[in-house]
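Morning, everyone. I have one structure to walk through today. Please have a look before I start.

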Amino acid sequence: MTPRYLVLALACLAAFAAPVPAAAQEQRTPVSQCQAIAQNLPRATFASFSGAPTLMPAVSEGEDVKLTFLGHSTFEIDTPAGIVIATDYNGWYRPATTPDVVTMNKAHPTHFTLTPDPGIKHVLHGWSDVPGEKANVNLVVGDAHIRNVTTDIRFSYGLGGSQENGNSIFIFEIAGLCIGHLGHLHYELTDAHYTEIGRLDVVMVPVDGGLTMGADSMSRVIKRLRSSLILPMHRRGPPVEAFLAMFGKDFDVAYAPDDSITVSMRTLPKKPLIYVLKGVR
């Protein structure tokens, strides 16, 4: 190789090896590990069930995520890095400290607020204010990757008909865990929805018995998701036992002594567990 071509080759290699500017790094679209695993390894046994070490991300000791039921369909999620998230935030049920992120699944008085605390840095709506468009959330805040999958909902107050993409299932990818909040789910999920969602290790599920879906329909969704930890929420009307009665010996059931649970990839139950936090029943 002549010196001229050698210099050119070295210049090309240097260009490829040069670090990417910070601004360019921030513009990259976050990649969902939960979705990628579900799509690329459809026949794999998920780590949340049998512990296949090749599927589990490298997680350090102490990388625990704490989930606290605050009321209705609002949970506080505390990440290992100290990020505080409040799901389905309506302003009534608030974490003790101002959250960094709040999600609002649907535009209904008990599921959102137009006047959130101005100290909240990220207010994420599960619907689009532009008719015919979907809400599109794909955000990284600290050690949390937050994304959404939209679903249709019935119009409220007996108006009939459906609102396309009026609800969002929010998914939080934290410390290797895939945590999903089903929001105000009105219809059973389609195959396309399950593909978009991917793997969910932990799922928060409404168990009102009809305001969202009946217990039989909702139980079919939960069985299809195959999550390790199921946290009931949004209980109105029938007791939570009406939902629990839909599950057989393949699921364990336990009643929590308080309103919180701390979980990690290492401590997920081996058998699917429906865990009823204090305040839900």
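A word on terms first: buried means under 20% relative accessible area. And keep in mind that this is a predicted model.

With that cut-off, start at helix 6, residues 215–225. Which of its residues are buried? Ala215, Ser217, Met218, Ser219, Val221, Ile222 and Leu225. As a general point, an α-helix has 3.6 residues a turn, so residues three or four places apart point the same way. What covers the buried residues of helix 6? The cover includes two helices, helix 5 (191–197) and helix 7 (241–244). It also includes strand 10 (202–206) and strand 11 (229–233). After helix 6 comes Arg226. Its phi is positive, near 60 degrees.

Two charged residues of helix 6 come next. The charged end of Lys223 sits over the ring of Phe247, 5.5 Å from the ring centre. The charged end of Arg224 sits over the ring of Tyr194, at 4.1 Å from its centre.

Now the aromatics. How many aromatic pairs does the structure hold? Three. Take Phe69 and Phe75. Their ring centres are 5.3 Å apart and their planes stand at 65 degrees, so this pair is edge-to-face. Phe69 is buried at a relative accessible area of 8%. Phe75 is buried too, at 0%. Phe243 and Phe247 also form an edge-to-face pair. Here the centres are 5.0 Å apart, with 65 degrees between the planes. Phe243 has 2% relative accessibility, so it counts as buried. Phe247, at 11%, counts as buried as well. Phe247 is also the residue whose ring lies under the charged end of Lys223. Add Phe251, and Phe243, Phe247 and Phe251 form one aromatic cluster.

On to the disulfide. A search of the whole structure finds one. Which cysteines form it? Cys34 and Cys178, with their sulfur atoms 1.8 Å apart. Why does this link matter for the layout of the chain? Cys34 lies in helix 3 (residues 33–40) and Cys178 in strand 9 (residues 177–181), so the pair ties together parts that are 144 residues apart in sequence. The angle about the S-S bond is -95 degrees, and the link is left-handed. Buried or exposed, these two cysteines? Both Cys34 and Cys178 are buried.

Next, the sheet. We have an open sheet of six strands, with mixed pairing. What is the strand order? It runs 5-4-3-2-1-13. The edge strands are strand 5 (122–125) and strand 13 (260–263), and each pairs on one side only. On average, neighbouring strands of this sheet are turned by 15 degrees against each other, direction ignored.

Zoom in on one pairing. Strand 2 (residues 74–78) and strand 3 (residues 84–86) pair in the antiparallel sense, over three bridges. Ile77 stands opposite Ile85 in strand 3.

Last stop, a proline. Where is Pro272? In the loop between strand 13 and strand 14 (273–276). Pro272 has 8% relative accessibility, so it counts as buried. The C-alpha atoms of Pro272 and Leu229 are separated by 5.8 Å. Along the chain, Pro272 and Leu229 are 43 residues apart.

That is my tour. Over to you for discussion.

Conventions. Residues numbered from 1 in each chain as written. Predicted model: local features only at pLDDT ≥ 70, side-chain atom pairs only at ≥ 80, totals over all residues. Heavy atoms only, no water. Disulfide = S-S within 2.5 Å. Helix = DSSP H or I, 4+ residues; strand = E, 2+ residues; numbered from the N terminus. Buried < 20%, exposed > 50% of the residue type's maximum accessible area, 1.4 Å probe, protein only. Phe/Tyr/Trp six-rings, centres within 6.5 Å; stacked < 30°, edge-to-face > 60°. Lys NZ or Arg CZ within 6 Å of the ring centre and 35° of its normal. Pairing = 2+ DSSP bridges. Axes fitted to C-alpha atoms, helices over the stretch in contact; angles between N-to-C directions. Contact = heavy atoms within 4.5 Å.
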